[in-house]
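Reader: I've got a model to look at and a few things I'd like to ask about it. Could you walk me through it?

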Amino acid sequence: MSEVFLNGNFIGNVEHKDEFLTRVRTDRRSGVIPANLNIHFDNDLDQVFIETLKGRTRRPLIIVKEGIPSLTDKHIKQLEKGELAWSDLVDQGIIEYLDAAEEENALVAFHEQDLTPDHTHLEISPLVMLGYVTTLVPFGEYIQAARLSIGSKNQKHSIGLYTANFPVRVDMDVNLLHYPQIPLVKSIIHDISHYDTHPSGQNIVVAVMSYKGYNMEDAVILNKGSIERGFARSTYYRPAIAEELRYSGGLMDEIGVPDKEVKGYKSEKDYRMLEEDGIIYPEAVVSEDDVVIGKTSPPRFLSSLDEYSLASNIRRESSVSLRHGEKGVVDMILITENEEGNKLVQVRVRDQRIAEIGDKFVSRHGQKGIVGLIVPESDMPFTASGIKPDLLFTPHGIPSRMTVSHLIELIAGKTGALAGRYIDGTTFDSENEDDIRKELLSLGFRDTGVETVYNGMSGEQFTARIFVGNMYYQKLRHMVANKLHARARGPIQLLTRQPTEGRAKEGGLRLGEMEKDTFVAHGASLLLKERFDSDKTVVPVCESCGVIAIYDSYKDKRYCPVCGDNVEVNDVEISYAFKLILDEFKSLCIYPKLNLRSKY
Amino acid sequence: MHAELKKYSDKLPKSLLQEIEEKCPASKIKKVAARVYEEYCKTKIDAGEAVGLVSAESIGEPGTQMTLNTFHFAGVAEMNVTMGLPRIIEILDGRKSIATPMMEIFLKSPFNKGKDIHNIALRIKESILGEFVKEYVINIVDLKIELKLNLEKMGAIGVKHALLIKAIDKSLGKEVTSKEDGEGGLVVKLRGRDEKGLNDLYKIKEKLRSVYVCGIKGISQVLPVKRRDEFIVITAGSNMKKILDLDFVDETRTTSNDIYEIRKVLGIEATRQAIIDEVFKVIEAQALNVDIRHIMLVADTMCSSGEIKGITRYGVVSEKSSVLARASFETPIKHIINASLVGEIDFLNSVVENVMLNQPVPVGTGLPGLLTKVAK
C-alpha cells in the first residue's frame, strides 16, 4: 500500500505502486493524460507524488524500451524532411519531459552505446547538460568545469552586434562592435541560434609568448597594425535625456536656449552649440560639461511672500550637459512625448572606442586579459611565413587554469583559417583533434601548431618555437575610458565637507581605516594628518565655556554666544567632521567642552 | 662572572651574558661585550613605534587568509578540536566556556612507559550510569524501574553494584531507593509511592541515565597516545584541578586548552603562556608566519590586570582612557552618554581620537614636542 499525493494533497492509496506508475506513464505517453504531468515514487517514504502545477523545470529525454531507444533513424529522416515536428515526437510518446523529481526514478544513458535493458531514457545529446551560453564554448569537454562557467560568463559581457536596428534605437549605455565576425571554430548552438546574425568577436592570430614582460599577470599585447585595421573597434552610445516636467500651479519646464536673466545662467559660450529649439545639432562634437539640451525650470519654492517680489519669477537653469569625463559626437536626436504627455528629448551621443591600454579582452575559455602594451606592427614578432600575430598571450595563463580547450581552439582555428572552412567544436561532439592536426600538417604546417618566430626588432630567430594559431577573441564592455578616474580637488559633501564618493560625482579615493593604519605603523604621523586635511576647518573656541564661538569678519571680532565678548577666544584647527559631531552632541543635550592648551 | 660582563648585568639579558662567557676567550670579552651591547640596542624597538597596531595588523592580516573552520583530528574521528579562526577568536575574546576543551595529561614514571595505561585512562574518564545500563524496564504496577546492566563493561572498568547504588543514592537519594534484584540488575523504587505517578517515573528514568558514577567530572573521552617515547593521555573535556591531584600525573607538564581553567588553577603567569601557546599553535597549524612577539604583546595586554580580559568591548577596549576611542569602537551611544553623565575628560593621548580631530597622532614623528617654552 503506497499513499498517493496529487500536487501535495493526499488523494488515496494504491495497492501495487509499480503497476500504477507504469500505467500512468504509458497513459501519459499515449496522450490519455496530459503530457505535462509528472509522477515519481519516493522509496524512503513509500509515497507516490503526482505533479501538474507550474514552476517545475522539465527537460526532454528519449524514451527507451528494453534497451532500444524509441527514436529511430526513420524518425530522424522524417524530421529532416520536415514530415515530423518536435511536437509529433512528444505526441507519439518518443520523447517525454521529466521534472527533477521524476528524474530520480529514471536511469538515463548519456550515449546510445551505453544503453542496457535497465535504462529508461536516453539523453538527446550530452550537450544538453550545459546551458545555452556554455555550449558556445568550443571543446568544452577539454576544460576545467569552473573555467567553463567563467568562459560562458565572460561571453555575456562581450561587445557585438546587439541588435540589427540599432541606428533607430535609443539605448542606454550600449556598445557596438565595428567588424564582428563569425567564429571559425563553431558549435552546433552557433548555427541553431543564428549566431552569424549577431556575432560578438573577431578571429585573430594569437601567439603564446611573452614580450618584454608586458603581458605578465594575464595582460595581453596587441598589434598596433591590427587595431588600425579595425580590430576591436567599437562605438559607445549613451543618450542625454531631458523631460519637460509639469509642476503644481500649471508651471512646467521649458526646453529651449535659456535667457540671460535665468538663475544659474552659464555663459553664451556654453550654449553656442544649441539651435533655436534649445537642442544641439546632429554631428556636433561634444566633450564633458558641454550643454546638449537647454532647459529652464520654474523657481523651486513658491511662497506667498515671494509671489510679489521680482526675484521669484526668475526661472532656474536646468540644462542637461554631457557627464564628467565623457566625449563624443551627437549621433541622433529624438523628440517625442512620454506616457504622461510630457515633451521628451533624447540626444544620443556616439563615441568611437579604439582599443587602448586597459581594455579587456577574452577568449571563449575564461582566459581574460587586459591590454598591457600596444606594439607597432614593425616591432611585432613574425613567423617564418611572415605572419604577425594580432595578440600575444602569456604562456603562464595555461598550466594553473588547465584550459586545454583554449589550446585546441588555437590549432583548430589555424586549420580552419588555412583550409577555408568552419571547424565544429561542439562539446562532446567535436571534430576529432587528431584529424584536425593531420589536416594542419597536410596544409604545410607543423601538427603541433608551433612555428619558427623571429624577433620583431632585431630580426633574430627565437630559440624556442612559438605556438601560433587563430582564435576567436572578444572585446568586453569593461573599457578604461569608462573607468579611469583621478582627482586632486573637486566637489565636497555639504554635511561633512569631505570629498564626494564615486567616479560619477568626481569623488575622492578614500583613505580608509586600514590604509590609515599603515601610516600609523610607519609612524608617519604628520603625513597622515595631511591626508586627512580634506575637511579641516579653523573654528574660534571660547576659552571660558569651551563651545565654538563666533568670528565676525565684518568687525574682525571674536565673541562667545554664551559668555559675551569679554572672554578670550582662540582659533583651533580641527576636522569639520569633528565640529559636526560636537554640534550633534549639543543637539542631544550633551555639553562637549573644549579645554584649550597651548602646544608650545 | 667576568668583571667586564658585570658592567652589563643590568643592560643585557642573562642568557646573552652567559653565552658570551661560555663562548669567548677571557681576553676578548671586553670587546665582544661592547659589540653585543651595541647590536642589542639596535634591535630594540624605537620610542614612538606603534607596537600595538603593528601587532594587531600582523595577527589580523594572516587571519584573513585562514581557512574558516578546520578541525584537527587528534587520532580518533570523534575527538576533534576547534582550530583555525574560530579558535583564535575564542582565545582572544577570552571566552569562559570554549567549544572543545581538551587536556594533554603527562604521566610520571613508570606509567609514562605504558604501565597500566589502559586502566589509567579509564580511571580518568567520567562514567555515567547510562553507560552501564542495557535496558530500562518500567514497572507500572509496582511503580519501579528495573535496570538490566552491562556486566561486561562494568567488569572492565571495575565498577561493582554497590558503587552504582551508592552513586544513585548520592545524586537521587531523596527521591529513590535502589537495591540489587538478585539477577545482576538493579531495582529503583520511588520514595513515598502514594502521591507519585507514572510521570515521575519517567522523569526519574531520564535522571538515572545521567547519574555520575566514577572517574573525573568533565572528562568525556580519553585517548592514550604514544608521543615520541612516552605515553600520554589526551582527553576531551577538561578538569585541571582534579587531574593534577592524581598521584600518577606529571603536574609539571600536564596542560589544558581551557584558558580560564589555567587561570583558576595555575594563575595569571601560566595563563599568559597558555594564550601564547594556544594562539601560536593555531597559526602554526595553518602554516602562517607570525612573529611570536606580536602574540606575546596581545597576551600581555589580556593578562596585565591579573584577570583575563578579552579583546572585546567588555574587556580590553573598556579599559581605554579615551571616551572618543571607546565610542569609535562599538556601542558609541553608551559611551558618550555615560561620559556626559560623569563629565569625563578626554586628554587626546592616543591615536583614534587624534585622527577624529585631525591632529597629529602621538606616534612616530608626531610624538616629539618642544621642551622650550615659546615666548608669546
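Reader: How many Å apart are the C-alpha centres of domain 1 and domain 3 of chain A?
Author: This is a predicted model, where local features need pLDDT of at least 70, side-chain atom pairs count only at pLDDT 80 or more, and totals for chains, interfaces and linings use all residues. Residues are numbered from 1 along each chain as its sequence is written, chains are lettered from A and ligands numbered from 1 in the order in which they are written, and side-chain values use heavy atoms, with hydrogens and water left out. Chain A splits into domain 1 (2–124), domain 2 (140–233 + 357–475) and domain 3 (235–353), with bounds from an automatic or database domain assignment. Between the C-alpha centres of domain 1 and domain 3 of chain A, the distance is 62 Å.

Reader: Over in chain B, which strands stand at the edges of the open four-stranded sheet?
Author: Strands here are DSSP runs (E, at least two residues; helices are H or I, at least four), numbered from the N terminus, and two strands pair if DSSP finds at least two bridges between them. The order in this sheet is β10-β11-β3-β12 (chain B), paired antiparallel. Each edge strand has a single partner, so one side of it is left without a neighbour in the sheet. Those strands are β10 (221–227) and β12 (255–256) of chain B.

Reader: What is the bridge partner of Arg227(B) in β11(B)?
Author: β10(B) runs antiparallel to β11 (residues 230–236) of chain B, and seven bridges join them. For Arg227(B), the partner in β11(B) is Glu230(B).

Reader: Which helix gives the most to the largest nonpolar core?
Author: A nonpolar core is a set of buried Ala, Val, Leu, Ile, Met, Phe, Trp, Tyr and Cys residues joined through side-chain atoms within 4.5 Å, and buried means under 20% relative accessible area (exposed is over 50%, partly exposed in between; 1.4 Å probe, protein chains only). This core has 41 residues, and those touching the most other members include Ile105(B), Phe248(B) and Val279(B). Among the elements that each supply at least two residues are α5 (84–92), β3 (102–106) and α12 (268–285) of chain B. With six residues, the top contributor is α12(B).

Reader: Is Glu278(B) buried or exposed?
Author: Glu278(B) sits in helix α12 of chain B. Skipping residues up to four places away in sequence, it touches Arg87(B), Ile91(B), Ser256(B), Asn257(B) and Ile259(B), where contact means heavy atoms within 4.5 Å. Its relative accessibility is 9%, so Glu278(B) counts as buried.

Reader: How far is the sulfur of Cys41(B) from the closest cysteine sulfur?
Author: A disulfide needs a pair of cysteine sulfur atoms within 2.5 Å, and the structure holds zero of them over all chains. Cys560(A), for one, is in no disulfide, with the sulfur of Cys545(A) 3.5 Å away. For Cys41(B), the closest sulfur is in Cys24(B), too far for a bond at 18 Å.

Reader: What kind of ring pair do Tyr8(B) and Tyr37(B) make?
Author: Rings of Phe, Tyr and Trp (its six-membered ring) pair if their centres lie within 6.5 Å; planes under 30 degrees apart count as stacked, over 60 as edge-to-face and the rest as tilted. By this rule there are nine aromatic pairs over all chains. Tyr8(B) and Tyr37(B) have ring centres 5.5 Å apart and planes at 45 degrees, so the pair is tilted.
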